[in-house]
Amino acid sequence: VTAQLVTATGLEVFVAALEAAGAEPLLTAGLVSYTVTPVTGAMADRAVRTGVTVEEVAPWPVAPPHWIHLPVEVRFPATNIRPSPVPGWQAHSRDIGAWGIAQLPIGAWLAHVRGVLGGAV
Amino acid sequence: VNRFAVAMTTDLDTEARRHLLRADGQEDVCLATYAPSSGAIRTSAILNMLVLPGAGERSVHGNASFAGQYVVRAASEAAARGLGVALLHSHPGGGGWQGMSSIDEQTERSYARVAETITGLPLVGMTIAGDRTWSARSWTAVRGHGDAESVRVVGSVLRVSWNDRLRPAPRTTAAQVRTVSAWGEAMQADLTRLRVLVVGVGTVGLDLAIRLVQAGIQQVAIMDFDTVEILNLDRLITATRLDAALLRSKVYVALRGMRAAATARMPELQGYELSVCEPAGLRAALDYDLVFSCVDRPWPRAVLNQIAFSDLIPVVDGGLAIEPFQGGGMRNATWRAHVITPGRPCLQCNGQIAGAQVARDRAGLFDDETYIRTAGLKLPARENVSLLAPSVTASMLAQFVSLAVAPGGLGVPDGLRYSVSTHTLEHIPAETQRGCAYENALGSGDRRAELTATHPSAAEARERRAAGAQRPRVRTGRLAQRLIETASAAAGRLWVP
């Protein structure tokens, strides 16, 4: 019998997974920011800094975050927004699709954010 | 009160028995790691891995003994993962909850300090008797040992070893004769000692809680932060217009109904006006052996789904889905029930909760109408029918009986779903996803991911109720209601032997 234990907080696990994925995580103003490069859309091939709040990654990887924080320059044709703790940024409401299927949750999360950024104009 | 209990999966129990209950009848020993699970008044040790002895790490000589380096190795492995260590040994000729011989006590005492020093957690000592009954105690170097009240083995069947001294079997009452005749005194003694929590005492939960106390279960608790409203009265059994007018909590109404229905000689009923998504709600839930999930929102179901695996507290979950036609009439209604327990897929793997919905609910957006409208989503379904809800209750209680009584020795089935339109009962097979974070955190106890948070809706409901209770009309009404209820209970005690 083996048990795969959660050995750190959700924040620590999330940050470690971002580091392992080469996403250059940084913790500032209650936000974990990291880099994602979309492959489609207006921002294709441009490295974009994005983030999620510390509070939202507390349950990682059991539950994913909901709000995706981005600089105000990143615009979408339709979006639900709220303020971000980082000046010059705003949070976009986005549901992730299937969750709990991927072997590596961070892979699923980064694919989700990449997909969202693919819709930027 | 500071209670202590131990829990393990059926798989770990099987592996431990294979090692400890030898074919040659000699005693044997081994070690295990555990994670603490801290409830409000009970701490549990959740065994999560056996550390079997290597060559020269234990000797078997009729009795059996641990080598010091074995305990140090296991404790070091445990400490590296933030876990505690348990010493397990067998009494193959024994039956029932075991006491310790002087040698047992001396051995465990001598390793208590070593284990505590290396892991920072108390040593847990455990004995398995030849009849598969476990007994357990927790050791600290300073205070010595304290006995566990129970050891539960959790899988498709829930099997609990009881410490009769700390948790004596409640005496059967005359009102329980027919119930006992269904499964016998021994099973009744096991069932009625379970600490059972019903989360959500709406249509289904209130009905369930009353059924559980009627069956003689001595300790049934309920958790709900909500207030009785007029629109609940078409299906909330025992609730009255007066309860709604007096802003009574659902917990108040449920406890009143449960007190009236309880058949145990000394029922111990508890109500929590909390959400299980709040840290205090989760801590309270960790004090129980089994939970009924009667909530329909993703966040509380996710919390319960989590503790089914991290803290080995089986969760009986169920629900009703109604599909009305837009212009009136009913297309279909279905109800389903399933037990969330190790060996069965979790609520996410069986499709009952989705990560995105849990995140949205946790963010306070699940029934935010402005958000839902602007996001182009559908409002959560609100249809409910009193005439169908008892079927959900029945379906969940049948799953409970399969889990705790295991008729035919079979334990719980897959999820079961009944369709009203086609009159069909289906088994709903589901498989665990390899990346499932709930099931992969099996036995993690307090090291579970932090799903709980402040819950503004629960806080607001409690504040609104407290403010309403200050109104003179409500205060007077509550006082009169309380007097009548107290007088009624006193009359009952006077006239009924």
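**Stop 1: the second largest pocket**

Start with the lining of the second largest pocket, where eight residues are nonpolar, four are polar and six are charged. The model on your screen is a predicted one. The pocket holds about 790 Å³ of space. Its lining counts 18 residues, and B:Arg259, B:Ala260, B:Ala262, B:Ala489 and B:Arg493 are the closest to the centre. Select those five to bring the middle of the pocket into view.

Next, colour two helices of chain B: α7 (250-261) and α15 (472-495). Each of them supplies at least two lining residues. Which helix gives the most to this lining? α15(B) does, with seven residues.

**Stop 2: where chain B meets chain A**

Now show both chains. Select the 37 residues of chain B that are in contact with chain A, and the 28 residues of chain A that they touch. The size of an interface is often given as the accessible area lost when the parts come together. Here the buried area is about 2,700 Å². Carbon and sulfur atoms give 55% of that area.

How many salt bridges cross this interface? The rule finds two. Zoom in on one of them: B:Arg362 pairs with A:Glu55. Their closest N and O atoms are 3.4 Å apart. Across the two chains, four residue pairs are in polar contact, counting pairs with both residues at pLDDT 80 or more.

Stay on chain B and pick out the elements that give two or more residues to the side touching chain A. They are α1 (10-20), β3 (42-51), α10 (355-362), α11 (369-375) and α13 (437-440). The largest share, six residues, comes from α10(B). By class, this side of chain B has 19 nonpolar, ten polar and eight charged residues.

**Stop 3: the largest cavity**

Switch to the enclosed spaces. Rolling a probe the size of a water molecule over the atoms shows where empty space is left. The whole structure has four cavities of 30 Å³ or more. The largest cavity has a volume of about 100 Å³. Select B:His338, B:Pro345, B:Asn350, B:Asp414 and B:Gly415, the closest to its centre among 13 lining residues.

Then highlight strand β17 (residues 330-340) of chain B. This strand gives the most to the lining of the largest cavity, with four residues. Seven of the lining residues are nonpolar, three are polar and three are charged.

**Stop 4: the second largest cavity**

Move to the second largest cavity, with about 50 Å³ of space. Which residues line it? From chain A, select A:Pro61, A:Val62, A:Trp99, A:Gly100, A:Ile101, A:Ala102, A:Pro105 and A:Ala108. From chain B, add B:Gln348, B:Gly435, B:Ala437 and B:Tyr438. Both chains therefore appear in one lining.

Two helices each supply at least two of the lining residues: α3 (105-118) of chain A and α13 of chain B. You have met α13 already, among the elements on the side of chain B that touches chain A. How does this lining divide by class, and what is its charged count? Nine residues are nonpolar, three are polar and none is charged.

**Stop 5: two backbone details in chain A**

Keep A:Pro61 selected, as one of the residues lining the second largest cavity. Most residues other than glycine have a negative phi, and most peptide bonds are trans. The peptide bond from A:Trp60 to A:Pro61 is cis, with omega near 0°. A:Pro61 sits in the loop between α2 (54-57) and β4 (67-71) of chain A.

Finish at A:Ala29. Is its phi positive or negative? Phi of A:Ala29 is positive, near 50°, in a residue other than glycine. Look for A:Ala29 in the loop between β1 (26-28) and β2 (31-36) of chain A.

How values were computed: Residues are numbered from 1 along each chain as its sequence is written. Chains are lettered from A and ligands numbered from 1 in the order in which they are written. This is a predicted model: local features need pLDDT of at least 70, side-chain atom pairs count only at pLDDT 80 or more; totals for chains, interfaces and linings use all residues. Side-chain values use heavy atoms; hydrogens and water are left out. On a 1 Å grid over the protein atoms alone, a cavity is a set of points where a 1.4 Å probe fits but cannot get out, and a pocket is an open set with protein on both sides within 12 Å along at least five of seven lines; lining residues have an atom within 4 Å of a point. Grid points are joined across faces, edges and corners, and a volume is the space filled by probe spheres set on the points. Ala, Val, Leu, Ile, Met, Phe, Trp, Tyr, Cys and Pro count as nonpolar, Asp, Glu, Lys and Arg as charged, and the others, Gly among them, as polar. Contact means heavy atoms within 4.5 Å. Buried area is the accessible area (1.4 Å probe) that two parts lose on being put together, summed over both. A salt bridge is a side-chain nitrogen of Lys or Arg within 4 Å of a carboxyl oxygen of Asp or Glu. A polar contact is a pair of N or O atoms within 3.5 Å; within protein, one must be able to donate a hydrogen and the other to accept it, and residues adjacent in sequence count only if both atoms are side-chain atoms.
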